[in-house]
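User: I should like to learn how to read the features of a protein model in a systematic way. Please take me through one case.

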Amino acid sequence: MIIESRELRLKHRIPVVKTEKFWKGLEGGRVYKTICKCGRSYYPPRADCICGNQTEWVEITGKGVVECFTVVYSMPSGYEWSKPYRIVVARFGDVRVMGWSEEDVFVGDEVSLYTAKDGSGIWKIWFRKG
Ligand SMILES: [Zn+2]
């Protein structure tokens, strides 16, 4: 027996005043973290540190190392355009970054990140090997 429910579509409206640099960065191919003079680093970035200071924006560059991933074969609503993909978490120095990959990356692989629009026109973080 199957019970049909109505389709539910969500659209989030999120204020980004304090994180606008992050979102603009994605459009320019850059991914930012924030750091505080107290030594804390934040990713996702935070404009305000828990110590009370304002943080500084720093671009995440270089190579990361895959710490975990999952493969998505069943596309959620809104992602029908996509082929199977991986959601990957990779460590870049003192922060972990989550992104997508269309390559077969595995735990321990070295990856670099880039940004690109997905099939829905949304800017995302992607990983490629090497
Ligand atoms: Zn701080």
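User: How far apart do the C-alpha centres of domain 1 and domain 2 lie?

Analyst: In this predicted model, the C-alpha centres of the two domains are separated by 20 Å. The domains themselves cover residues 14-60 for domain 1 and 62-130 for domain 2. Their contact involves eight residues from domain 1 and ten residues from domain 2. On the side of domain 1 that touches domain 2, four residues are nonpolar, two are polar and two are charged.

User: Which residues make up the largest nonpolar core?

Analyst: A nonpolar core is built from buried residues, and a residue counts as buried when 20 or more other C-beta atoms lie within 10 Å of its own. Here the largest such core has ten residues: Val 31, Tyr 32, Tyr 43, Val 66, Val 88, Ala 90, Val 97, Val 111, Leu 113 and Phe 127. Strand S5 (85-92) and strand S7 (110-117) are the elements that each contribute two or more of them.

User: Why does this core lie between the two domains?

Analyst: The core lies between them because domain 1 and domain 2 both supply residues to it. For a view from one core member, consider Ala 90: leaving aside residues up to four places away in sequence, Ala 90 touches Gly 64, Val 65, Val 66, Glu 67, Arg 96, Val 97, Val 111 and Phe 127.

User: Is Tyr 85 buried or partly exposed?

Analyst: The count of C-beta neighbours settles the matter. Tyr 85 has 18 of them inside 10 Å, and therefore counts as partly exposed, since a buried residue needs 20 or more. Tyr 85 belongs to strand S5.

User: What does Tyr 85 touch, not counting residues up to four places away in sequence?

Analyst: With those residues set aside, the contacts of Tyr 85 are Val 72, Trp 100, Ser 101 and Glu 102. Val 72 is 13 residues from Tyr 85 along the chain, yet their C-alpha atoms are 5.5 Å apart.

User: In what order do the three strands of the open sheet stand?

Analyst: The order is S2-S1-S3, with antiparallel pairing. Strand S2 (41-42) and strand S3 (56-59) each have a single partner strand and stand at the edges, so each has one side without a neighbour in the sheet.

User: How many bridges join strand S1 to S2?

Analyst: Two bridges connect S1, residues 32-35, to S2, and the two strands run antiparallel. Thr 34, for example, has Tyr 42 in S2 as its bridge partner.

Technical notes:
Residues numbered from 1 in each chain as written. Predicted model: local features only at pLDDT ≥ 70, side-chain atom pairs only at ≥ 80, totals over all residues. Core = buried A, V, L, I, M, F, W, Y, C linked by C-beta atoms within 7 Å. Buried ≥ 20, exposed ≤ 12 C-beta atoms within 10 Å, placed from the backbone. Helix = DSSP H or I, 4+ residues; strand = E, 2+ residues; numbered from the N terminus. Domains from an automatic or database assignment. Contact = placed C-beta atoms within 7 Å. Pairing = 2+ DSSP bridges. Nonpolar A, V, L, I, M, F, W, Y, C, P; charged D, E, K, R; others polar.
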